[in-house]
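Here are my notes on the model you sent. They cover helix packing first, then the pockets.

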Amino acid sequence: MTNELQILIESLEKKVDILKIILQKSEEQYTVVRKEEFEAESFDALVNDKDRLLDEMEKLDGGFDQIFSRIRDDLINHITDYKSEIARLQELIKETTDLGAQICAMEGRTKNELSDAIFKSRQK
């Protein structure tokens, strides 16, 4: 089971890396919509990049779920044997949750700025 736990940890570490890139892309989108002249092509390219990253993350989540389902009962029954691995998993899950919240906040700001940019472009 140690191998499976290591795979789960590595999967979450990859997810954290992907979420950090998504956050960076979201910040770039925010910058694009705040420019004097809205650059739709730049914005769309960032959307496409994020879509690709989300697809990659979905695959990771699917693999994680499969492995976790397979070892869940054994893990619960031997929880003290895997304390450090469980602590690492919890730490990574918290980090993914925090990054997800940051991304949501950035997406909200970008959405507001995008609405303003579209409104301004229609007034011209």
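1. At what angle do helix α1 and helix α2 pack, and how far apart are their axes? This is a predicted model. In it, α1 (residues 2–34) and α2 (residues 40–77) meet at about 160°, and their axes lie 9 Å apart. Angles over 145 degrees count as roughly antiparallel, so α1 is roughly antiparallel to α2.

2. The crossing of α1 past α2 is left-handed. Sorted by class, the contact of α1 with α2 holds 22 nonpolar residues, 10 charged and four polar.

3. The largest pocket holds about 270 Å³ of space. It is lined by 13 residues, and Lys35, Glu36, Phe38, Ala117 and Lys120 are the closest to its centre. Two elements, α1 and α3 (83–123), each give two or more residues to this lining. The most come from α3, with six residues.

4. What is the class make-up of the lining of the largest pocket? Eight residues are charged, four are nonpolar and one is polar.

5. The second largest pocket has a volume of about 180 Å³. Its lining includes Leu8, Phe64, Phe68, Arg72 and Leu75. Ile76, Ile79, Ile86, Leu89, Gln90 and Ile93 also line the second largest pocket. Here the elements giving two or more residues are α2 and α3. The top contributor is α2, with five residues.

6. By class, the lining of the second largest pocket has nine nonpolar residues, one polar and one charged. For the lining of the largest pocket, the split is four nonpolar, one polar and eight charged. Please keep the two linings apart in any write-up.

Key
Residues are numbered from 1 along each chain as its sequence is written. This is a predicted model: local features need pLDDT of at least 70, side-chain atom pairs count only at pLDDT 80 or more; totals for chains, interfaces and linings use all residues. Side-chain values use heavy atoms; hydrogens and water are left out. Axes are lines fitted to C-alpha atoms, for helices over the stretch in contact, and angles run from 0 to 180 degrees between N-to-C directions. Helices (H or I, at least four residues) and strands (E, at least two) are DSSP runs, numbered from the N terminus. Angles under 35 degrees count as roughly parallel, over 145 as roughly antiparallel, 65 to 115 as roughly perpendicular and the rest as oblique. A crossing is left-handed if the near helix is turned anticlockwise from the far one by less than a right angle, and right-handed if clockwise. Ala, Val, Leu, Ile, Met, Phe, Trp, Tyr, Cys and Pro count as nonpolar, Asp, Glu, Lys and Arg as charged, and the others, Gly among them, as polar. On a 1 Å grid over the protein atoms alone, a cavity is a set of points where a 1.4 Å probe fits but cannot get out, and a pocket is an open set with protein on both sides within 12 Å along at least five of seven lines; lining residues have an atom within 4 Å of a point. Grid points are joined across faces, edges and corners, and a volume is the space filled by probe spheres set on the points.
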